[in-house]
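Here are a few notes to help you find your way around this one. Have the sequence and the 3D view open as you read.

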Amino acid sequence: PEHTRFRRIFQKIFLPQYVKQWGTTIVDPVVDELMGAFIHTGKADLMAQFTQHFPFGVIYRQLNLPTDQGKVFHKLAVAQTLISIDKEHGTEASDKLGEFFPPLIAERRANPGDDLVSLLATAEVDGDYLPEDVLVSFFRQLINAAGDTTYRGTSVLLTKLLQNPDQLEMLRADRALMPNAIEEALRYDGPVIEQARWCAVDTEIGGVRIPAGSIVHVVAGAANRDPARFEDPDRFDIRRPNASRHFAFSGGPHICIGQHLARVEMTRAINAILDKLPNLRLDPDYPPPQIKGAMMRVPHHLHVVFDPN
């Protein structure tokens with residue numbers, strides 16, 4: 001019940017009409033700054049020099065963090081994800097993020113601007129501010145939920161376009177295909193293909209008994225390659241008519257609240273690459289990219305060459 005109550009507030013901030021404004025004021029400057037460092041060279045590792053950085057740059061600007069604070073925030077946010085394999089440091093990072101945000105929230109409530117911290121810090125539920133622990137929890141997970149997934153989704157789309165040059169040129173010539181190309185990349189190899197869930201009550205699915213208290217590994221990636229739903233599901237096709245029927249953003253009342261922003265970021269990033277990197281292709285001097293990972297998948301490198309500007 002708390003989720004429904006608080007989500008209404010968060011949803012207001014992430015409605016498409018607001019997110020589109022961020023595309024111009026926040027996303028484009030980040031993309032331009034990163035690409036400006038290599039468009040004159042004629043070659044790049046688009047992973048190391050672009051996709052790994054641009055969603056996080058967007059978040060820093062959304063939060064209106066100074067550059068030095070942004071770096072600390074990023075380091076702590078990444079470190080907390082290691083809690084399953086390094087409990088001590090993961091817990092330390094989570095605790096430090098818990099200490100980082102309350103003073104920032106208090107400062108923005110006293111002197112609000114148009115940044116995301118100010119918008120949420122001054123939002124109200126039934127006449128009261130969002131509880132501090134709810135806000136801290138949201139900001140603590142923002143870098144992982146918004147930055148990491150967008151970086152992976154963008155990287156997968158770029159990889160598949162470069163591995164299918166005919167589709168890359170098709171998209172370059174007809175940008176109206178962009179929304180469907182994004183959905184197809186999310187379907188084909190989404191940023192997070194498996195989630196663990198705790199079974200609250202005894203149940204049965206597909207003839208399999210699942211006792212209460214069991215941990216269920218839900219593989220959305222398998223649903224996204226279901227041959228009963230997607231024709232020739234292992235083929236990447238930016239013209240696929242039902243590509244948007246994927247589970248990359250989950251579904252129902254817990255569907256990803258940042259899905260509109262993720263699409264805006266991916267659209268702006270891919271359009272900039274198509275516009276500013278003519279004759280883009282994989283660099284033959286390096287091994288071809290491979291999308292790897294169990295739960296969260298991405299290529300480790302994406303070496304390309306292009307006509308320098």
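1. Let's start with a hollow: the second largest pocket holds about 360 Å³ of space. Its lining is made of 15 residues, and the ones closest to the centre are Glu33, Gly57, Tyr60, Arg61 and Thr67. Keep in mind throughout that this is a predicted model.

2. Which helices each supply at least two residues of that lining? They are helix 2 (16-35), helix 4 (54-63) and helix 5 (67-80). Helix 4 gives the most, with 5 residues. Sorted by class, the lining of the second largest pocket comes out as 7 nonpolar, 5 polar and 3 charged residues.

3. Next, have a look at a small piece of strand pairing. There is an open sheet of 3 strands, in the order 1-11-8, and the pairing is antiparallel. Strand 1 (43-45) and strand 8 (281-282) are the edge strands, each pairing on one side only.

4. Staying with that sheet, strand 11 covers residues 303-305, and its antiparallel pairing with strand 1 runs over 3 bridges. If you want a spot to check by eye, find Ala44, which stands opposite Val304 in strand 11.

5. Now for the core. In soluble globular proteins, nonpolar side chains tend to be buried together. Here the largest nonpolar core has 82 residues, and Leu46, Phe73, Leu116 and Phe139 have the most contacts inside it. Helix 8 (residues 132-163) gives the most to this core, with 13 residues.

6. Leu116 is a handy residue to click on. What is Leu116 in contact with, leaving aside its neighbours within four places in sequence? The list is Ile13, Phe14, Trp22, Gln62, Leu63, Phe138, Phe139 and Leu142. Phe139, you may recall, is also among the residues with the most contacts inside the core.

7. Last stop: Tyr18, which sits in helix 2. Is Tyr18 buried, exposed or partly exposed? Its relative accessibility is 40%, so Tyr18 counts as partly exposed, since that class lies between under 20% for buried and over 50% for exposed. Setting aside neighbours within four places in sequence, Tyr18 is in contact with Lys12 and Ile13. Ile13 also turns up among the contacts of Leu116.

8. One more thing about Tyr18: try finding Leu261 in the 3D view. Tyr18 and Leu261 are 243 residues apart along the chain, and their C-alpha atoms are separated by 9.3 Å.

Note on methods: Residues numbered from 1 in each chain as written. Predicted model: local features only at pLDDT ≥ 70, side-chain atom pairs only at ≥ 80, totals over all residues. Heavy atoms only, no water. 1 Å grid on protein atoms, 1.4 Å probe; cavity = no way out; pocket = protein on both sides within 12 Å on 5 of 7 lines; lining within 4 Å. Points joined across faces, edges and corners; volume = space filled by probe spheres on them. Helix = DSSP H or I, 4+ residues; strand = E, 2+ residues; numbered from the N terminus. Nonpolar A, V, L, I, M, F, W, Y, C, P; charged D, E, K, R; others polar. Pairing = 2+ DSSP bridges. Core = buried A, V, L, I, M, F, W, Y, C linked by side-chain atoms within 4.5 Å. Buried < 20%, exposed > 50% of the residue type's maximum accessible area, 1.4 Å probe, protein only. Contact = heavy atoms within 4.5 Å.
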